[in-house]
Amino acid sequence: MPPTVTPHYTLPKFNIRVEDLSHPGAVLFFDNVQPALALKDAVLASFTHLYTPKTVPTHVKLITLVLRSMDGVAYTFGSHTDKEIHFSLDYIKASEHRARDEILGVLVHEVVHCFQYNGKDQCPGGLIEGIADFVRLHAGYAPPHWQAAGGDRWDAGYDRTAYFLDWIEKHNGEGTVQKINQLMKDRKYTEYVFIEATGHGVDKLWKMYCALLDKKSPKLTPN
Ligand SMILES: [Zn+2]
């Protein structure tokens, strides 16, 4: 067998700012991860699951991670070239029992936001969040409470949409979610991206998926 070759990717520069080094969340962070390595792995997870060496985006030059006390978990913003990820030290403290996996999982999710396409801002927020958590799932950092579930909306986001995308990927073949992301690069999002990527409309896919969940576990039947 030929050796597996890891493609050579150009990575952005990484920076970190800690707004309270004595916060227990900061202590946990540095006890559990090496920031440069964690960010590099998160970028590589995004590249591996959403792009190919040919399509990999090169516009992001700098990712700054800001650790600070705040409500919520994390968010990402920035310009085309410079991104900033704010990550809550209070949340890290609250995730103490599984700090390493949770930190790495949140970093993967936020780093996906630095690179993913959004159909000229027309992509539903639930699909944006679902794709970020699809990569988190595939990187091996799904938290224990995540589960596949149906419901009214395919674009409820996060794990709900991530497991749906995971099923689409299995049903239609590896690279389907990558294709959905790619189809949102240069044009406005419409649900037609699903037809183009899978041959089916998203509502039909959601119905098929929910029917399968019902069969597997009646407990997961949407109410
Ligand atoms: Zn997000």
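Isoleucine 16 lies in strand β1, which covers residues 13-18. The model is predicted.

**The residue at the surface**

Isoleucine 16 has a relative accessibility of 32%, so it counts as partly exposed. The limits explain the label: partly exposed lies between buried, under 20%, and exposed, over 50%. Isoleucine 16 also helps to form a nonpolar surface patch. Its partners there are Leu21 and Phe30, and the patch has an area of about 270 Å².

**The strand next door**

What stands opposite isoleucine 16 in β2? Leucine 65 does. Strand β2 spans residues 62-68. Strands β1 and β2 run parallel, and six bridges join them. Strands of a sheet pair through backbone hydrogen bonds, either parallel or antiparallel.

**The whole sheet**

Four strands make up an open sheet. Their order is β1-β2-β4-β3, and the pairing is mixed. Which strands are the edge strands? They are β1 and β3, the latter made of residues 74-78. Each of these two pairs on one side only. From one strand to the next, the twist averages 20 degrees.

**Helices on the sheet**

Two helices that pack on the sheet are set out below. Each angle is taken between the direction of the helix and that of the strand named.

| Helix | Residues | Strands touched | Angle |
|---|---|---|---|
| α2 | residues 35-50 | β1 and β2 | about 130 degrees with β1 |
| α4 | residues 99-115 | β2, β3 and β4 | about 150 degrees with β4 |

Strand β4 consists of residues 82-88. Strand β2 is touched by α2 and also by α4. Strand β1, home of isoleucine 16, is touched by α2.

Technical notes
Residues are numbered from 1 along each chain as its sequence is written. This is a predicted model: local features need pLDDT of at least 70, side-chain atom pairs count only at pLDDT 80 or more; totals for chains, interfaces and linings use all residues. Side-chain values use heavy atoms; hydrogens and water are left out. Patches are made of residues with over 30% relative accessible area and no salt bridge: like charges are joined within 9 Å, nonpolar side chains (Val, Leu, Ile, Met, Phe, Trp, Tyr) within 5 Å. Accessible areas come from the Shrake-Rupley method with a 1.4 Å probe; for residues, only the protein chains shown count as cover. A salt bridge is a side-chain nitrogen of Lys or Arg within 4 Å of a carboxyl oxygen of Asp or Glu. Buried means under 20% relative accessible area, exposed over 50%, partly exposed in between (1.4 Å probe, protein chains only). Two strands pair if DSSP finds at least two bridges between them. Axes are lines fitted to C-alpha atoms, for helices over the stretch in contact, and angles run from 0 to 180 degrees between N-to-C directions. Contact means heavy atoms within 4.5 Å.
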